[in-house]
Amino acid sequence: AAFTAAWAEVVGAMIARHTTGLRLRNGILTLHVDSAPLRQEMVYMRAEIQARLNERAGHEAVKEVVVR
């Protein structure tokens, strides 16, 4: 989807390299992070990531971000 194409622009190349399994279903974005320290940092960044993705989409496409 266009959403996954924009992922690197929204979170940056370094984070994009460490995330896999992006899935948006019913407004819930689920992603997997291959680094424990980065995973923890992304838990704190969830609201910012959600806001950036929704701003780019032009509507509230993402209601929740789940980091695994």
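**Questions on a predicted 68-residue chain**

Student: In S2, which residue is the bridge partner of Arg25?

Tutor: This is a predicted model. Look at the hairpin that S1 and S2 form, with two residues between them. In S2, the partner bridged to Arg25 is Ile28.

Student: Which residue in the turn of that hairpin has a positive phi?

Tutor: The turn lies between S1 and S2. Its phi is about 55°. The residue is Asn26.

Student: In what sense do S1 and S2 pair, and over how many bridges?

Tutor: Thr20 stands opposite His32 in S2. Arg25 has Ile28 as its bridge partner. The sense is antiparallel, and the count is five bridges.

Student: Do S2 and S3 pair in the parallel or the antiparallel sense?

Tutor: Leu31 is a place to look, as it stands opposite Val67 in S3. S2 and S3 pair over four bridges. The sense is parallel.

Student: What pattern does the chain follow, read along the sequence?

Tutor: Take the elements of the chain: four helices and three strands. Then read them along the sequence. The pattern is α-α-α-β-β-α-β.

Student: Where does helix H4 bend?

Tutor: H4 covers residues 36–57. The bend is about 60°. Its position is Met45.

Student: Which residue just after H4 takes a positive phi?

Tutor: H4 runs over residues 36–57. The phi just after H4 is about 85°. The residue is Gly58.

Student: Which strands do the buried residues of H4 pack against?

Tutor: The buried residues of H4 are Leu38, Met42, Met45, Ile49, Gln50, Leu53 and Asn54. On the helical side, they pack against H1, H2 and H3. The strands are S1, S2 and S3.

Student: Why does Asn54 count as buried?

Tutor: Asn54 is found in helix H4. The cut-off for buried is under 20% relative accessible area. Asn54 counts as buried because its relative accessibility is 14%.

Student: Which residues does Asn54 touch, not counting those up to four places away in sequence?

Tutor: Asn54 sits in H4. Set aside residues up to four places away in sequence. What remains is His59, Glu60, Ala61 and Val62.

Student: Which residues of the largest nonpolar core touch the most other members?

Tutor: This core has 16 residues. Those touching the most other members are Trp7, Leu29, Leu31, Met42, Ile49 and Leu53.

Student: Which element gives the largest share of this core?

Tutor: Two or more residues come from each of H2, S2, H4 and S3. The largest share is five residues. The element is H4.

Student: Which residues does Ile49 touch, leaving out those up to four places away in sequence?

Tutor: Ile49 is one of the buried residues in H4. It is also among the core residues that touch the most other members. With residues up to four places away left out, the list is Trp7, Val10, Val11 and Met42.

Student: What radius of gyration does the chain have, against that of a compact globule?

Tutor: The chain has 68 residues, so a compact globule would have a radius of gyration near 11 Å. The chain agrees, at 11 Å.

Student: What share of the exposed area do carbon and sulfur atoms supply?

Tutor: Buried residues make up 34% of the chain's 68 residues. The chain exposes about 4300 Å². Carbon and sulfur atoms supply 51%.

Methods:
Residues numbered from 1 in each chain as written. Predicted model: local features only at pLDDT ≥ 70, side-chain atom pairs only at ≥ 80, totals over all residues. Heavy atoms only, no water. Bend = angle between axes of the 7 residues up to and from the residue. Buried < 20%, exposed > 50% of the residue type's maximum accessible area, 1.4 Å probe, protein only. Contact = heavy atoms within 4.5 Å. Core = buried A, V, L, I, M, F, W, Y, C linked by side-chain atoms within 4.5 Å. Rg over C-alpha atoms; globule rule 2.2 N^0.38 Å. Areas by Shrake-Rupley, 256 points an atom, 1.4 Å probe, with all protein chains shown as cover. Pairing = 2+ DSSP bridges.
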